[in-house]
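This report goes through one protein chain, helix by helix and residue by residue. Please keep the sequence and the structure in view while reading.

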Amino acid sequence: MTDLTITDVSEKYHLKPDTLRYYERIGLIPAVPRKKNGNRYYNEGLQKWIEMIVCLRHSGITVEALVDYVNLIEQGDSTLQAREDLLKEQLALLETKKKNFNRSIKRLEHKISLYEM
């Protein structure tokens with residue numbers, strides 16, 4: 001991976017530049033280095049960090065919970081259990097949502113089948 005501009009990163013990860021700046025401002029993304037011209041450049045490590053955040057956001061985790069997670073990461077290995085617990089909690093929420101979605105899908109399929117008779 002090469003260093004990318006904020007425009008490149010926003011296109012790559014389908015995030016608005018304002019969202020990236022917001023994530024940086026609240027500490028979800030570490031400070032992004034700037035070139036002499038003042039433009040942000042995202043290196044490979046930052047891109048991987050953003051991938052993690054995007055993945056977790058797509059899982060439904062709140063920004064607030066992500067901030068907690070990032071704070072735990074920054075505290076080091078002493079927080080491994082707390083991080084695992086946070087992720088397990090999120091997984092349980094997703095499993096519940098999945099169960100509810102599947103139930104809704106079955107209901108809709110049943111209703112549709114009534115029209116197809």
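Asp18 and Arg21 both belong to helix H2, 3 residues apart, which is about one turn of the helix. Helices here are DSSP runs of H or I with at least four residues, strands are runs of E with at least two, and both are numbered from the N terminus. This is a predicted model, in which local features need pLDDT of at least 70 and side-chain atom pairs count only at pLDDT 80 or more, while totals for chains, interfaces and linings use all residues. Residues are numbered from 1 along each chain as its sequence is written, and side-chain values use heavy atoms, with hydrogens and water left out.

**Salt bridges**

Asp18 and Arg21 form a salt bridge. The term stands for a side-chain nitrogen of Lys or Arg within 4 Å of a carboxyl oxygen of Asp or Glu. By this rule the count comes to 5 salt bridges, and the table lists three pairs, including the one just named.

| Pair | Closest N and O atoms |
|---|---|
| Asp18 and Arg21 | 2.6 Å |
| Arg40 and Glu24 | 2.7 Å |
| Glu84 and Lys88 | 2.7 Å |

Side chains of opposite charge can pair when their charged atoms come close. Burial is described by relative accessible area: buried means under 20%, exposed over 50%, and partly exposed in between, with a 1.4 Å probe and protein chains only. Asp18 counts as exposed because its relative accessibility is 53%, and Arg21 is partly exposed at 29%.

For the second pair, Arg40 lies in the loop between H2 and strand E2 (41–42) and Glu24 in helix H2, so this salt bridge ties together parts that are 16 residues apart in sequence. Arg40 counts as buried at 16% relative accessibility, and Glu24 is buried with a relative accessible area of 16%.

The third pair, Glu84 and Lys88, sits within helix H5, 4 residues apart, or about one turn of the helix. Glu84 is partly exposed at 35%, and Lys88 counts as partly exposed at 49%. An α-helix has 3.6 residues a turn, so residues three or four places apart point the same way.

**Helices H1 and H2**

How do the axes of H1 and H2 cross? The axes of helix H1 (residues 6–13) and helix H2 (residues 17–25) come within 9 Å and cross at roughly 105°. Axes are lines fitted to C-alpha atoms, for helices over the stretch in contact, and angles run from 0 to 180 degrees between N-to-C directions. H1 and H2 are therefore roughly perpendicular to each other, a label for angles of 65 to 115 degrees; under 35 counts as roughly parallel, over 145 as roughly antiparallel and the rest as oblique. Ile6, Val9 and Ser10 of H1 make the contact with Pro17, Leu20 and Arg21 of H2, where contact means heavy atoms within 4.5 Å.

**Helix H3 and Ile50**

Helix H3 (residues 44–58) contains Ile50. H3 has 15 residues and spans 21 Å from its first C-alpha to its last, close to the 21 Å expected at 1.5 Å a residue. The expected span is 1.5 Å times one less than the number of residues. Buried residues of H3 are Leu46, Gln47, Trp49, Ile50, Ile53, Val54 and Leu56. They pack against strand E1 (4–5), H1, H2, E2, H4 and H5.

Ile50 is buried, with a relative accessible area of 1%. Leaving aside neighbours within four places in sequence, Ile50 is in contact with Val9, Tyr13, Leu15, Leu20, Ile29 and Tyr42.

**Helix H5**

Helix H5 (residues 80–115) has 36 residues and reaches 53 Å from its first C-alpha to its last, close to the 52 Å expected. Arg83, Leu86 and Gln90 are buried in H5, and the buried residues of H5 pack against helix H4 (63–75).

**Two loop residues**

His14 lies in the loop between H1 and H2. Phi of His14 is near 55°, a positive value in a residue other than glycine. Most residues other than glycine have a negative phi. His14 is exposed, with a relative accessible area of 71%.

Asn39 is in the loop between H2 and E2 and counts as partly exposed at 40% relative accessibility. Not counting residues up to four places away in sequence, Asn39 touches Pro33 and Arg34. Asn39 and Ala92 are 53 residues apart in sequence and 40 Å apart in space, C-alpha to C-alpha.
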